[in-house]
Amino acid sequence: MTAVVIESISVITCPACGHAESEEMAIDSCQYFYDCRACGRVLKALPGDCCVFCSYGTAPCPPIQEARAAQQTP
Ligand SMILES: [Zn+2]
């Protein structure tokens, strides 16, 4: 068995002002809302995405990373 490396930091880029902020993700939960630290806009996950990290982050949330890794393993 190969251990799955889960990225716990995702850089969220605000679609309103372009501000990027590194955020640590909870390992076992999704975050549907996120307050931009620059402009204060509340980001919401896009339709079809479970959380803001999947929509706006450089890395999707840990449960999704695990699911993708499992799919790639024969
Ligand atoms: Zn912003």
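**Notes on the β1/β2 hairpin and the core**

1. Let's start with a pair: in β2, the bridge partner of Thr13 is Ala20. Strands here are DSSP runs of E with at least two residues, numbered from the N terminus. β1 and β2 run antiparallel and are joined by five bridges; two strands count as paired if DSSP finds at least two bridges between them.

2. Before going on, remember that this is a predicted model, where local features need pLDDT of at least 70, side-chain atom pairs count only at pLDDT 80 or more, and totals for chains, interfaces and linings use all residues. Residues are numbered from 1 along each chain as its sequence is written.

3. How sure is the predictor? The protein's mean pLDDT (confidence in each residue, from 0 to 100) is 91, and 96% of its residues reach 70 or more.

4. Back to the hairpin: six residues sit between its strands, and Gly18 there has a positive phi near 85°. His19 is also found in the loop between β1 and β2.

5. Is His19 buried or exposed? His19 is partly exposed, because 14 other C-beta atoms lie within 10 Å; 20 or more would make a residue buried and 12 or fewer exposed, with C-beta atoms placed from the backbone. Leaving out residues up to four places away in sequence, His19 touches Cys14, Cys36, Arg37, Ala38 and Cys39 (contact means C-beta atoms within 7 Å).

6. Now the inside. The largest nonpolar core has nine residues, including Ile12, Met25 and Phe53. Such a core is a set of buried Ala, Val, Leu, Ile, Met, Phe, Trp, Tyr and Cys residues joined through C-beta atoms within 7 Å.

Definitions and conventions. pLDDT = per-residue confidence, 0-100. Helix = DSSP H or I, 4+ residues; strand = E, 2+ residues; numbered from the N terminus. Contact = placed C-beta atoms within 7 Å.
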